[in-house]
Amino acid sequence: MKILIIEDEVRLADSMAALLRQKGFEAEAVYDGEAGADYALSGVYDLLILDVMLPKIDGFTLARSLRAQHLGTPILMLTARSGLEDRITGLNAGADYYLPKPFDSRELLACINALLRRQGAQVDELTFGNTVLDLQSATLLCGDRSVRLSAKEFEVMRLLLKAGAKNLSKEAILTAVWGFDSEAVENHVEVYIGFLRKKLLSIGSNVRIESIRRLGYHLEATP
């Protein structure tokens, strides 16, 4: 599960990211609302942790903007402003839960797990067309045929299956799989897309990875 933390208190953001990684999540942090919007709209995250008092774009405005663009990712809103009106504003802006600062790490984790369960994020497999990706074994299955995926192949395929028919840009895939600080380039994405196309073909899958110039990749299933 991938979690994006949008918090301008760098030490707090980094400590939350470290805590989540210890608990088995993939966590990344950005420190202003503008960067948060760019990263959140990539569509590769399972949960957003969003502070209210952010530079460039405040948390309320950002949450409203993301919801207006039909991003359904759960939002856990953090703030030192714990008054009733602020909580109502946050929930009306599109937050799924409102956690006042300071908070205990156990409460943070409980909120995250509750939101993921509510959204049905705890699944064992992803399906498209006649093909299944087993998330526990990193195996693609089609009928009685199967093929194991490498770690990077698995992450790319997982993103594509979550996006389905929606286009996913090379940049979004590169960021989600290789990381923001990686020296990998978009050609790496193209190479792994090629690997996955061959593996889908090898198991008789009716799923195709289609590409649209400047928009990225999406999945289609032949009848």
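Contact here means heavy atoms within 4.5 Å. The model shown is predicted.

**View 1. Helices H6 and H7 pack against each other at an angle of about 130°.** H6 spans residues 151-163 and H7 spans residues 170-178. Their axes lie 10 Å apart. The two helices are therefore oblique to each other. Their crossing is right-handed.

**View 2. Residues of H6 meet residues of H7.** H6 contributes Lys152, Glu155, Val156, Leu159 and Leu160. H7 contributes Ile173, Ala176, Val177 and Trp178. Sorted by class, this contact has seven nonpolar residues, two charged residues and no polar ones.

**View 3. Lysine 101 and glutamate 7 form a salt bridge.** Their closest N and O atoms are 2.9 Å apart. The pair links distant parts of the chain, 94 residues apart. Lysine 101 sits in the loop between strand S5 (97-100) and helix H5 (105-118). Glutamate 7 sits in the loop between strand S1 (2-6) and helix H1 (10-22). Are these two partners buried or exposed? Both lysine 101 and glutamate 7 are buried.

**View 4. Lysine 162 pairs with aspartate 46 in a salt bridge.** The closest N and O atoms are 2.4 Å apart. Lysine 162 belongs to helix H6. Aspartate 46 lies in the loop between helix H2 (33-40) and strand S3 (47-51). The partners are 116 residues apart, so this salt bridge links distant parts of the chain. Lysine 162 has 37% relative accessibility and counts as partly exposed. Aspartate 46, with a relative accessible area of 10%, is buried.

**View 5. A salt bridge joins lysine 199 to glutamate 153.** Here the closest N and O atoms are 2.8 Å apart. Lysine 199 lies in helix H8 (residues 186-202) and glutamate 153 in helix H6, so the pair ties together parts that are 46 residues apart in sequence. Lysine 199 counts as partly exposed, at 21% relative accessibility. Glutamate 153 counts as buried, at 6%.

**View 6. Salt bridges that share partners build one network.** Its members are Glu7, Glu9, Asp51 and Lys101. Lysine 101 and glutamate 7, the pair of View 3, are both buried. How many salt bridges does a search of the whole structure find? The search finds 13.

Conventions: Residues numbered from 1 in each chain as written. Predicted model: local features only at pLDDT ≥ 70, side-chain atom pairs only at ≥ 80, totals over all residues. Heavy atoms only, no water. Axes fitted to C-alpha atoms, helices over the stretch in contact; angles between N-to-C directions. Helix = DSSP H or I, 4+ residues; strand = E, 2+ residues; numbered from the N terminus. Parallel < 35°, antiparallel > 145°, perpendicular 65-115°, else oblique. Left-handed = near helix turned anticlockwise from the far one by under 90°. Nonpolar A, V, L, I, M, F, W, Y, C, P; charged D, E, K, R; others polar. Salt bridge = Lys/Arg side-chain N within 4 Å of Asp/Glu carboxyl O. Buried < 20%, exposed > 50% of the residue type's maximum accessible area, 1.4 Å probe, protein only.
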